[in-house]
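Biologist: Could you take one part of this model and go through it closely, building outwards from a single pairing to what surrounds it? A connected account would suit me better than a list.

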Amino acid sequence: MSDGTYLDAISAALLHEMDRDDRVLVMGEDVAGPFGGAFKVTKPVAERFGESRVRNMPMTELGFIGAANGMALMGLRPVIEVQFADFISTGFDSIVQFAATAHYRWGGAVPWVLRAPADGNLRSGPFHSQNPEAWFVHTPGLKVVAPSTLADAYGLLLSAIRDDNPVVYFESKPLYRALKGSVPGGDAPVPIGVAEIARPGSHCTVVTYGAMRHEATTAAAHLATEGIDVEVVDLRTLKPLDLETVTASVRKTSRVLVVHAANRLAGIGAEIAATVADVCFTDLDAPVKRLGGLDVPVPFSPPLEDAYRPSAATIADSCRELCAW
Amino acid sequence: MELDLLVAYRWMRLTRAVDDAIRNLWLTGQGVGGTFNQRGHEAISVGAALCLAGDDVVAPMHRDLGAYLVRGMSPRRLLAHQLGRATGVSRGRDANIHGCGDLSLGIIGFVSHLPQSLPVAVGAAMAFRHRGEPRVALTFTGDGGSITGLFTESLNLAALDRAPVVIVVENNQYAYSTPIAEHSANPDIAARSRAMGVDAVDIDGNDVIAVHRAVQAAVNRARDGGGPTVVVAETMRMLGHAIHDGFEYVPDALLERWHERDPLTLLENRLAAAETETDRIRAIDDEVGVVVDDAVAFARDSPWPDPGEVTARVWATGPGHE
């Protein structure tokens, strides 16, 4: 292990898997050396493996994700980088129509990983800040992960590459260089479909993922000084959802807030809230609450973007409301 | 590889007969959902598929019944698939001829968004090239598919990679009810392909010899590292877009003109000119009739899928995987 960033952990996972398995190759816009990608995630990968396994693609997501479908059917394991998660829409058919359905329909396995740099708070405006994960959770046949720590960024990418299904891997741009720690190494996969208790607590549960995990733990640390003990559940995988960990936590605390940076309307939080209301009805001492982005395009100007997305402050306010019941 | 005309005739006759059997099932109320016919396309699908080697792959569309048959998908499985039975290719999960994929036969199943097969075939070819395997991918699209962005994107990728892929464009004059003159500002598909950096040839899609000659040359070139080719095969869809389609938008005179150029009739004339004994042709017709009757009976008598299986096979491994 060495010190580094969340971004370094993603690069390290690519290096590890490409060393381990020569079926793995990286493809995307501007990913090859010496440029190494818009965020430089693939720079060390391109330096080690060269152009045959780190392949620049033209600006045609629909076409090159479709080509990845063909490569995966023929036994390769492409790791596709879409430069920003916002650009996934350009490649939508190749993901949701072909890749997601092939195995159910006729047994064709499409084992690729689509790396999608997502989320905002970087003052990047409507087309470089989106969190489109709900589209893919709503699509049968795709797995969806959203790591929020260096260990998960590394370990979930290992698992995603080894999975025999198409996996959409949402990486958090606001954490890329801001989140520092030990960069994992070696064979340390994190299983897909298992949530993590990011912080144990007894008074209320915050269910979240991605960069919002850190907003939630910040809020929890602050609330501890007020005598409110918050448990933070980091989903880590959005499909398949680990609802057992969520409901077990709610049974313990009897109060729950679901938080994500993506639009609240019809987001992942709605599914979790509905499930909790159904399964934990008699355990609840307060209404199930949700915080999420507003139902607007992600705005650019700092006061507008701050008003758009949840934060440690709004999470803390919501926890106080919950615990007043 | 020289085309054996009797072999081609057998596959084309079988294709026509299976297609007619499907049509008959639907017209007599025995079908499930909708379906598609391919009448008029036999020379293209059979002639092209006969050019492939055993470990090549093909991504056919809904007019390419002949390609499925030539690659070894049995009429029994195809008809059971059409009727949504447990014994069909997709075991009841996909309809008509969609989703008839089977990698053990080198067949990739298509989605309704037909040009999706183009980048998939290009990607398969890129995988072959990446591993240095002497394999080729073949796919098909239509005149309608040829005006999509995905056609342009796929040709560009194929040309950049010199991918060993052959793309057959079946110009059957209509995208559903819209004639090519109304959907393509430049109806010269070969010229548009060349503009993207891919070699292209125009052929008579009703002449199986012409189809085989052009596709075989393209397959050989791809296998030898020469890169992709587009083969534009001129033909006519002789029935509606789908079984429900009354087809009233096609002028009778146009259909009559193409009827005279029916691919099976053209091939029979060739066989007669080559002094092939009529008995040998009729023997093939008889054998095909028996095969198709058996397949129809098999499909009709096959069990429906178990409703308990509805969630099975979503995932390639893990829960739900068989």
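Modeller: A:Arg199 has A:Val232 as its bridge partner in strand 11 of chain A, in what is a predicted model. That pairing belongs to the contact between strand 9 of chain A and strand 11 (residues 230-234) of chain A, which run antiparallel and are joined by three bridges. Both strands are part of an open sheet of five strands in chain A, whose order is 9-11-10-13-14 and whose pairing is mixed. Strand 9 (196-199) of chain A is an edge strand of this sheet, as is strand 14 (289-293) of chain A, each of them pairing on one side only. From one strand to the next, the twist averages 25°.

Helices of chain A pack on this sheet, and two of them can be described in turn. Helix 8 (residues 212-224) of chain A touches strand 9, strand 10 (204-208), strand 11 and strand 13 (256-263) of chain A, and the direction of helix 8 of chain A makes about 170° with that of strand 11 of chain A. Helix 10 (residues 268-279) of chain A, for its part, touches strand 10, strand 13 and strand 14 of chain A, with a direction that makes about 160° with that of strand 13 of chain A.

To place the sheet in its wider setting, it helps to turn to the division of the chain. Chain A is divided into domain 1 (2-183) and domain 2 (196-323), and the C-alpha centres of these two domains of chain A lie 26 Å apart. Where they meet, 25 residues of domain 1 of chain A are in contact with 21 residues of domain 2 of chain A. On the domain 1 side of that contact, the elements of chain A that give two or more residues are helix 6 (133-137), strand 6 (143-145), helix 7 (150-162) and strand 7 (167-172). In character, the residues on this side of domain 1 of chain A divide into 12 nonpolar, eight polar and five charged.

Chain A also meets a partner chain, with 33 residues of chain A in contact with 35 residues of chain B. On the chain B side, helix 5 (117-131) and helix 6 (149-161) of chain B are the elements that give two or more residues, and helix 5 of chain B provides the largest share, 10 residues. The residues of chain B that touch chain A divide into 18 nonpolar, 12 polar and five charged.

Definitions and conventions. Residues are numbered from 1 along each chain as its sequence is written. Chains are lettered from A and ligands numbered from 1 in the order in which they are written. This is a predicted model: local features need pLDDT of at least 70, side-chain atom pairs count only at pLDDT 80 or more; totals for chains, interfaces and linings use all residues. Domain bounds come from an automatic or database domain assignment. Two residues are in contact if their C-beta atoms, placed from the backbone, lie within 7 Å. Helices (H or I, at least four residues) and strands (E, at least two) are DSSP runs, numbered from the N terminus. Ala, Val, Leu, Ile, Met, Phe, Trp, Tyr, Cys and Pro count as nonpolar, Asp, Glu, Lys and Arg as charged, and the others, Gly among them, as polar. Two strands pair if DSSP finds at least two bridges between them. Axes are lines fitted to C-alpha atoms, for helices over the stretch in contact, and angles run from 0 to 180 degrees between N-to-C directions.
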